[in-house]
Amino acid sequence: MKVNNIRSAVFTSTLLIMGIVSLASCSSSESDSDVETDSQDDNIIVDVEPSYFYTEGQNITVTKVPCTLSDGSSSDCYQIVSTSIPADHAMGPWCPSNIEDGAEAGGIWLEGGEVYDVDGAFIKNMATFYNDANWLMYDDNGDVYVTDSEEDCINAANPDVGTEYENFCVECIPSYITDISQTWLIPVTPVYQSDVVYFATEGGGGPGSVSIPSTRGIALNGIEFSAPAPTNNILSAYTLAPFDDAGGHINVHQGYHYHAATGYSIKVEQEDGHAALIGYALDGFGIYELLDESGAMPTDLDDLRGHSDETRGYHYHVDDAGNNKFINGLRGAYVL
């Protein structure tokens, strides 16, 4: 998945399925009915399969509870509680320590639809890359300025970050989130809606909009598929907050979370060669990788990045990793 030398995925499931759907907490936006809804495959509804979640690492639990959905209906939901620490792959690294370091010493950066290795050369070249001479993230010895405490992690991630953190590579590490717990509710049986909801970053949030959480869905390892990272805000403060090769990074309130799907997390391969299942959206419809077994991407996705087939019914495909997002909205009812 990584455009510029993303290292290969380290953990995939051997489960074979007919495949589908579900999981966790939502994002903000408005109702619309512009998306095509006339496929007979939309009538195929597949329940969320709880056994697909990777619970062996004991970082997540999945239980069934009663819930109320956004359309007012009563339903059963899977309650997913996660420590926000993946059990199927390592986290980090994020920031290289010196401008001579190779790709293995750092993570990735998402820019203009491309994925770049945050290696020493990337740090050294930032003034040219962004055409801004103010970028100088290393000292005379070539050592990169990297945050090295939880306090610095919190301060550098503040929207009003102070000038003392300019030209720092922001690295928040797993030891800062040992007490995090996240809970999401996802309908056991997705409820297809005639009106869709777009996330605020995809055109929602205007007059008459509804207010829903920003989470897009939950990976099968219990990690949040988050809203797009505010890269413009990060860069405008002359800071860099890289993602690791799995597309994730840490903040102390949200824990570890993904901003891109790069092929590292557990997946469920499909018997028919369709792209693998990697998680569930908050409406319970499945989220699949972009490319199928042959390397082809779907050509008939709607505005939400969803479509239907006779095996999986309605489901989503993630965007290219370099675009810093997953899906654009929700087709199904979700938990308020």
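Strands β16 (residues 277–281) and β17 (residues 286–288) pair in the antiparallel sense over three bridges. Strands here are DSSP runs of E of at least two residues, helices are runs of H or I of at least four residues, and both are numbered from the N terminus. Two strands count as paired if DSSP finds at least two bridges between them. Within this pairing, Tyr280 has Gly286 of β17 as its bridge partner.

The model is predicted, so local features are reported only at pLDDT of at least 70 and side-chain atom pairs only at pLDDT 80 or more, whereas totals for chains, interfaces and linings use all residues. Residues are numbered from 1 along each chain as its sequence is written, and side-chain values use heavy atoms, with hydrogens and water left out.

**The open sheet**

The pair β16 and β17 belongs to an open sheet of eight strands with mixed pairing, in the order β13-β14-β11-β10-β16-β17-β19-β18. The edges are occupied by β13 (248–251) and β18 (306–309); each has a single partner strand, so one side of each is left without a neighbour in the sheet.

Towards the β18 edge, β17 and β19 pair in the parallel sense over two bridges, and Ile287 has Tyr316 of β19 as its bridge partner. The pairing of β18 and β19 is antiparallel and runs over four bridges; Ser308 stands opposite Tyr314 in β19. These two strands form a hairpin with three residues between them. Five of the five residues of β19 (residues 313–317) are buried, so this strand is largely enclosed by the rest of the structure. Buried means under 20% relative accessible area, exposed means over 50%, and partly exposed lies in between, with a 1.4 Å probe and protein chains only.

**Aromatic contacts**

A pair of aromatic rings is described by the distance of the centres and the angle of the planes. The structure holds 18 aromatic pairs. Rings of Phe, Tyr and Trp (its six-membered ring) pair if their centres lie within 6.5 Å; planes under 30 degrees apart count as stacked, over 60 degrees as edge-to-face, and the rest as tilted. Two of the pairs are set out below.

| Pair | Arrangement | Centre to centre | Angle between planes |
|---|---|---|---|
| Trp109 and Phe243 | stacked | 5.6 Å | 15 degrees |
| Tyr165 and Phe168 | edge-to-face | 6.1 Å | 70 degrees |

Trp109 lies in strand β5 (residues 108–111) and Phe243 in the loop between β12 (239–240) and β13, so the pair ties together parts that are 134 residues apart in sequence. Both Trp109 and Phe243 are buried. In the other pair, Tyr165 is buried, with a relative accessible area of 8%, whereas Phe168 is partly exposed at 21%. Ring pairs also link Tyr116, Phe122, Phe129, Tyr130, Trp135 and Tyr238 into a cluster.

Two arginines lie over ring faces. Arg216 lies over the face of Phe199, at 3.8 Å from the ring centre, and Arg331 over that of Tyr314, at 5.9 Å from the ring centre. The criterion is that NZ of Lys or CZ of Arg is within 6 Å of the ring centre and within 35 degrees of the ring normal.

**Pocket and cavity**

The largest pocket contains about 540 Å³ of space. Of the 28 residues that line this pocket, Ala157, Pro230, Ile234, Ala241 and His249 are the closest to its centre. The elements that give two or more residues to the lining are α4 (231–236) and β13. By class, the lining has 16 nonpolar, eleven polar and one charged residues. Here Ala, Val, Leu, Ile, Met, Phe, Trp, Tyr, Cys and Pro count as nonpolar, Asp, Glu, Lys and Arg as charged, and the others, Gly among them, as polar.

His249 is found in the edge strand β13 and counts as buried, at 11% relative accessibility. His249 and Val170 are 79 residues apart in sequence, and their C-alpha atoms are 10.0 Å apart.

A search of the whole structure finds one cavity of 30 Å³ or more, with a volume of about 80 Å³. Its lining includes Phe225, Ala246, Tyr258, Ile278 and Glu289, and divides into seven nonpolar, three polar and two charged residues. On a 1 Å grid over the protein atoms alone, a cavity is a set of points where a 1.4 Å probe fits but cannot get out; a pocket is an open set with protein on both sides within 12 Å along at least five of seven lines, and lining residues have an atom within 4 Å of a point. Grid points are joined across faces, edges and corners, and a volume is the space filled by probe spheres set on the points.
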